[in-house]
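Let's take a quick tour of this one, starting with the cysteines and then moving on to a few strands.

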Amino acid sequence: MLKIKRGKAFNKVLQVPGDKSISHRAVMFGAIAEGPTRIENFLPGDDCHHTIECFRRLGVEIEREGPTTLTVFGKGWQGLREPDQCLDVGNSGTTIRLMLGILAGSPFFSAIYGDASIARRPMDRVVIPLRRMGARIDGRADGRFTPLAVRGGDLKGIDYDSPVASAQVKSCILLAGLRAEGWTRVREPHPSRDHTERMLASFGAEISVEEGTVTVKGGQNLSGCPVRVPGDISSAAFLLAAALVIPGSRVTVRDVGLNPTRTGILDVFRAMGAEVNVTLTDQWCGEPVGDVTVSGGSLRGVEVGGKLIPRLIDEIPVLAVVATQAEGRTVIRDAAEL
């Protein structure tokens, strides 16, 4: 039998590990950029480790200075070489979908796969547009599932209306678009997280965002730059939730990423009646950074759905825990992507 007792009220000031989505992109963009990219506050988790190993197999030198600091010595797109082994993404959906965009624009053969969970996740949502651009991709169920074989190069830009609001799909197409002839445009039904757009601009890419459409010009080269990764708001959400469900508690998380495409959980906490204070302190590589403070108290149930869902998709599990301690019924809709 497992007995769980309510914790005592607490008042803490904390920091959380680096954002996973931004850590992935820092390595990827540094690998295809020209010149070194030094990354601080990198998330040393298993998913990000697989991203590093994939690029090492593509011939990119990556030097670890410590658990959360590394330098990627990019030599541009032309510095990537055909791997002599299959690329293993482990359990990382971000790695495989963004890697497919990079591999589609690279003039060599590669094969990519992941664990049993990745083998069940649909890849046709990126394979279909990449094939339209000219990439040759094959795999199980006509490329719907891994393992996938890619022969890239000779891409042409496309106008693509994505059926889902997915940062992975959008980022994959934009990365392929950097190597394609002409312009590539991606439209989404709702805005998804925009870490790719912000970081590409920091690496010197010509990219425009307006009215739900992101556009990149083909044939661009990126330049390496220093990247400091903000704290991951998905990690912070657990600490904030702990303060909310224990009356009298208060927690401040410092140097956390406050990208508006990721802060939907804060909006929901406010709607539930929580006291949430946000202080912007800086901007790192195009990403707003600051401190978030929440105080525990009386909570009420809410309804969540529509455009808000892409802004809190990863935080829905912890939101469900908070909802058990709120007065009334909480309803979450439109979360099929979870």
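## Cysteines

This is a predicted model, and there are zero disulfides in it. Two cysteines are worth a look here.

Take Cys48 to begin with. The closest cysteine sulfur belongs to Cys54, and at 12 Å from the sulfur of Cys48 that's too far for a bond. Cys48 also counts as buried, because its relative accessibility is 1%. Then there's Cys225, which isn't in a disulfide either: the nearest cysteine sulfur, in Cys285, sits 4.6 Å away, while a disulfide needs the two sulfur atoms within 2.5 Å. With a relative accessibility of 13%, Cys225 counts as buried too, since the cut-off for that is under 20%.

## Strand E12 and its partners

Now for strand E12, which spans residues 213-217. How many of its five residues are buried? Four of them are, so the strand is mostly covered.

E12 pairs with strand E10 (residues 183-187), antiparallel, over five bridges. One of the residue pairs here is Trp183 with Lys217, the latter in E12.

E12 also runs antiparallel to strand E11 (residues 207-210), with four bridges joining the two. Here Ser208 has Thr215 of E12 as its bridge partner.

## The hairpin turn

E11 and E12 form a hairpin with two residues between the strands. What sort of phi does Glu211 take in that hairpin, positive or negative? Glu211 has a positive phi, near 50 degrees.

Conventions: Residues are numbered from 1 along each chain as its sequence is written. This is a predicted model: local features need pLDDT of at least 70, side-chain atom pairs count only at pLDDT 80 or more; totals for chains, interfaces and linings use all residues. Side-chain values use heavy atoms; hydrogens and water are left out. Buried means under 20% relative accessible area, exposed over 50%, partly exposed in between (1.4 Å probe, protein chains only). Two strands pair if DSSP finds at least two bridges between them.
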